[in-house]
Amino acid sequence: MTRRGTRIRLAVGVWGVLVSQVFLYPGVEDIVAALGGDGAIRAGMWFLVAEFAAFVAFASVWGAASDALGRRMPLAAAGALGGAAGYLLLAAAPTLGLPFAGVLLVRLVGGAATIGAFSLSITALADLAGGNGRNMGAAGIAIGLGAALGSVVGGRLADADPLYPLFAAAATLLAVAALFLTVSEDLPSADRLRVGDALGRLRERPALAVPYAFGFIDRMTAGFFALVGVYYFRDAFGLSAGGAGLALAAFFVPFALLQYPAGVLSDRIGRAIPVVVGSICYGLGIVAVGLAPNVAVAVAAMVAVGSLGAGVAPATMALVTDVAAAAERGAAMGGFNVFGSLGFLAGFLLGGLTTSAAGYLTSFLVVGLSEVAIALVAARAVVRITADSDDSEADRVAAGGPSG
């Protein structure tokens with residue numbers, strides 16, 4: 001299989017995992033009610049938090065295990081199968097008489113499996129030669145397109161029946177598992193690592209704290225939109241689940257289409273401008289969505305925010321692969337996904353609790369200005385890491401080594 005073919009298959013796998021996950025978001029209010037919750041924003045918050053709590057607990061475990069095993073795809077396929085089983089069990093919960101607390105437990109177990117499919121497919125992309133920005137751009141466009149399709153189709157499915165998104169998510173993950181088993185892999189040559197060794201090496205790379213911090217805030221905004229954004233468009237503008245899905249797609253479509261060129265651009269001009277300047281503009285755009293006087297302006301602001309976010313995401317992920325050595329990428333990317341999942345959790349909790357206490361506008365201000373703040377605080381560190389990475393690359397080229 002060619003490198004390009006491997007990149008495409010892995011990107012399709014990432015896309016499938018995101019499609020399955022986002023199927024649930026536009027109709028989360030109706031799904032929660034069908035599964036025994038009260039349908040209010042706090043019940044929706046805990047429904048989403050349960051899955052991402054498992055993401056936090058198991059992302060690095062999957063990554064480090066794949067580093068120790070020397071293979072990623074069999075584990076990724078197993079994670080996808082486990083996630084599919086979790087969605088099917090959720091769909092059966094009303095028939096089984098499962099209480100809402102049991103539903104949350106199923107979400108925990110399903111999330112622990114699904115993060116394996118997601119994290120390891122992105123890590124396998126990071127293993128490929130040909131430019132970290134290019135590979136992370138492929139991951140980014142897959143994430144964006146998966147979220148865009150999932151939000152539109154998931155909303156329509158939820159309008160037809162609240163359980164339909166669960167069946168669709170399970171079917172998608174089964175297909176992803178089959179796809180992963182067809183992917184050949186060639187991990188960077190290195191000694192096999194024990195799980196503890198792979199995780200321990202993260203402590204030797206303190207510079208990873210910078211992309212991890214940006215990943216946390218960026219994913220916090222995504223978690224915020226997945227929960228509060230859906231309720232905001234439904235409550236403030238009276239949209240159905242399908243309409244809320246279309247509003248989310250206004251963000252995800254430009255976010256997806258611009259990811260790959262943005263990743264390639266970051267390979268050429270460095271990570272600093274996309275990460276720092278892009279984050280500031282992105283945060284201000286989030287505030288603009290909350291200030292919108294009508295649905296047309298809000299949707300237009302979502303398009304702008306998606307476009308700005310596309311410039312930030314691949315450059316931030318590429319910072320991880322710039323810093324980490326080849327043999328540590330599984331654990332390093334797993335750690336990035338841990339912080340990203342923590343960001344999703346923070347977005348759900350901060351958004352849900354702030355909205356309940358102070359309203360939608362306050363929550364948009366808090367989340368949007370958090371993105372601006374991290375860019376201002378960490379700007380100097382991003383510039384330094386970019387310069388160090390460029391110097392290391394120049395040294396490898398001068399020595400006749402691979403350019404990555």
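Okay, let's start at one residue, Gly-63, which sits in helix α3. Before I go further, a quick caution: what you're looking at is a predicted model.

So, Gly-63: buried or exposed? Its relative accessibility is 0%, so Gly-63 counts as buried, the cut-off being under 20%. And here's something you'd miss if you just read along the sequence. Gly-63 and Leu-120 are 57 residues apart in the chain, yet their C-alpha atoms sit 6.3 Å from each other in space.

Let me zoom out for a second. How many helices and strands does the chain have? We've got 15 helices and 0 strands. The chain runs to 404 residues, and 57% of them are buried. If you take the contacts with a sequence separation of 6 or more, 86% of them join residues that are 24 or more positions apart. Keep that in mind, and Gly-63 with Leu-120, at 57 residues apart, is a nice example of a pair like that in sequence terms.

Back to α3, then, and its partners. Helix α3 covers residues 41–69, and helix α9 covers residues 209–237. Their axes come within 10 Å and cross at roughly 155 degrees. Anything over 145 degrees counts as roughly antiparallel, and therefore that's what we call α3 and α9. The crossing between α3 and α9 is right-handed. If you want to find the meeting place on screen, look for Ile-41, Gly-44, Met-45 and Leu-48 on the α3 side, and Ala-226, Leu-227, Val-228 and Tyr-231 on the α9 side.

The other partner to look at is helix α4, residues 73–96. Here the angle with α3 is about 155 degrees and the axes are 11 Å apart. So α3 is roughly antiparallel to α4 too. Handedness? The crossing of α3 and α4 is right-handed. On α3 the contact uses Glu-51, Trp-62, Ala-65, Ser-66 and Leu-69, and on α4 it uses Leu-75, Gly-79 and Tyr-87.

While α9 is on screen, have a look at Gly-223, which is in that helix. With a relative accessibility of 0%, Gly-223 counts as buried. What does Gly-223 touch, once we skip residues up to four places away in sequence? The list is Phe-344, Gly-347 and Phe-348. There's also Ser-341, 118 residues from Gly-223 along the chain, with 8.9 Å between the two C-alpha atoms.

Now let's hop over to the start of the chain. Helix α1, residues 3–22, packs with α7 at an angle of about 160 degrees, and the axes are 9 Å apart. That makes α1 roughly antiparallel to α7. Which way do they cross, left-handed or right-handed? Left-handed, in this case. From α1, the residues involved are Arg-9, Val-12, Gly-13, Gly-16, Val-17, Val-19 and Ser-20. From α7, we have Ala-169, Thr-172, Leu-173, Val-176, Leu-179 and Phe-180.

I'd like to pick out Thr-172 from that group. Thr-172 is in α7, which spans residues 164–180. Its relative accessibility is 17%, so Thr-172 counts as buried. Beyond its neighbours within four places in sequence, Thr-172 is in contact with Gly-16, Val-19, Ser-20 and Phe-23. Remember that Gly-16, Val-19 and Ser-20 are among the α1 residues I just read out. And a general reminder here: an α-helix has 3.6 residues a turn, so residues three or four places apart point the same way.

Last stop, helix α10, residues 241–257. That's 17 residues reaching 24 Å from first C-alpha to last, close to the 24 Å expected. Where is the kink in α10 centred? On Ala-249, and the kink is about 30 degrees. Since 14 of the 17 residues of α10 are buried, the helix is largely enclosed by the rest of the structure.

Just past that comes Leu-258, in the loop between α10 and α11. Leu-258 is partly exposed, at a relative accessible area of 37%. Apart from neighbours within four places in sequence, its contacts are Ser-307 and Ala-310. Leu-258 and Ser-307 are 49 residues apart in sequence but 6.8 Å apart in space, C-alpha to C-alpha.

Then we reach α11, residues 259–269, where the buried residues are Gln-259, Ala-262, Gly-263, Val-264 and Ser-266. After α11 comes Gly-270, with a positive phi near 95 degrees. And that's my tour, thanks!

Terms used: Residues numbered from 1 in each chain as written. Predicted model: local features only at pLDDT ≥ 70, side-chain atom pairs only at ≥ 80, totals over all residues. Heavy atoms only, no water. Helix = DSSP H or I, 4+ residues; strand = E, 2+ residues; numbered from the N terminus. Expected span 1.5 Å × (residues − 1). Bend = angle between axes of the 7 residues up to and from the residue. Buried < 20%, exposed > 50% of the residue type's maximum accessible area, 1.4 Å probe, protein only. Axes fitted to C-alpha atoms, helices over the stretch in contact; angles between N-to-C directions. Parallel < 35°, antiparallel > 145°, perpendicular 65-115°, else oblique. Left-handed = near helix turned anticlockwise from the far one by under 90°. Contact = heavy atoms within 4.5 Å.
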